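Thanks for coming, everyone. Please have the sequence and the model up on your screens. I'll start with one residue and work outward.

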Amino acid sequence: MSPTVQIAAIHVQAPASDAARFIVGQDPEGHWVAIEIHGRAGGLFRSREAAVDYAEDETDRRPDAVLLSGERIELRI
């Protein structure tokens, strides 16, 4: 069974390999957010593309290292 990782106000099923390191989605105000699953990195972005590009750069563009969330996520600073 995969562990559940809490990021702000959502729960995300992380793969058993923990390969997915970033979650990309929108916050409650509609801003695009990229958050490292352990909360060590992240940011707010102008577009989905910019958030995904940042997350892919941070994960050396590994396939399946970035998950897109259909739920609202929140970056806590």
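Start at alanine 55. Setting aside neighbours within four places in sequence, alanine 55 is in contact with Phe22, Val24 and Val66. Contact here means heavy atoms within 4.5 Å. A word on the source: this is a predicted model, where local features need pLDDT of at least 70, side-chain atom pairs count only at pLDDT 80 or more, and totals for chains, interfaces and linings use all residues. Numbering runs from 1 along each chain as its sequence is written, and side-chain values use heavy atoms, with hydrogens and water left out.

Now the core. Ala55 belongs to the largest nonpolar core, which has 7 residues. The others are Phe22, Val24, Trp32, Ala34, Ala51 and Val52. By nonpolar core I mean a set of buried Ala, Val, Leu, Ile, Met, Phe, Trp, Tyr and Cys residues joined through side-chain atoms within 4.5 Å. Buried is under 20% relative accessible area, exposed is over 50%, and partly exposed is in between, using a 1.4 Å probe and protein chains only. Three elements give two or more residues to this core: β3 (22–26), β4 (32–36) and α1 (48–58). The largest share, 3 residues, comes from α1. Helices (H or I, at least four residues) and strands (E, at least two) are DSSP runs, numbered from the N terminus.

There is another core apart from that one, with 5 residues. Among them are Ile23, Val33, Ile35 and Ile37. In general, nonpolar side chains of soluble globular proteins tend to be buried together. And in a regular strand, side chains alternate between the two faces of the sheet.

On to the fold. The protein chain has 1 helix and 6 strands. Along the sequence, the pattern reads β-β-β-β-β-α-β. Of the 77 residues in the protein chain, 34% are buried. Take contacts with a separation of 6 or more: residues 24 or more positions apart account for 45% of them.

Which strands form the open sheet? There are 4, in the order β5-β4-β3-β6, and the pairing is mixed. Two strands pair if DSSP finds at least two bridges between them. β5 (42–45) and β6 (66–68) are the edge strands; each has a single partner strand, so one side of each is left without a neighbour in the sheet. On average, neighbouring strands are turned by 20 degrees against each other, direction ignored. Axes are lines fitted to C-alpha atoms, for helices over the stretch in contact, and angles run from 0 to 180 degrees between N-to-C directions.

Look at β3. Of its 5 residues, 4 are buried. β3 pairs with β4 in the antiparallel sense, over 5 bridges. There, phenylalanine 22 stands opposite glutamate 36 in β4. The two strands form a hairpin with 5 residues between them, and glycine 30 in the turn has a positive phi of about 95 degrees. β3 also runs parallel to β6, joined by 3 bridges. Isoleucine 23 has leucine 67 in β6 as its bridge partner.

Next, β4 and β5. They run antiparallel, with 4 bridges. Isoleucine 35 has glycine 42 in β5 as its bridge partner.

And the helix? α1 lies across β3, β4, β5 and β6, at about 175 degrees to β3.

Last topic: charge. How many salt bridges does the structure hold? There are 4. A salt bridge is a side-chain nitrogen of Lys or Arg within 4 Å of a carboxyl oxygen of Asp or Glu.

Go back to glutamate 36. Its side chain meets that of arginine 40 in a salt bridge, 3.5 Å from N to O. Is each partner buried or exposed? Glutamate 36 is buried, at 4% relative accessible area. Arginine 40 is exposed, at 65%.

Arginine 61 is the other one to find. Arginine 61 forms a salt bridge with glutamate 56, the closest N and O atoms being 2.7 Å apart. Arginine 61 also meets aspartate 57 in a salt bridge, again at 2.7 Å, N to O. Glutamate 56 is partly exposed at 29%, aspartate 57 at 43%, and arginine 61 at 45%. Asp53 joins these residues in a network of salt bridges: Asp53, Glu56, Asp57 and Arg61.

That's my tour. Questions, please.
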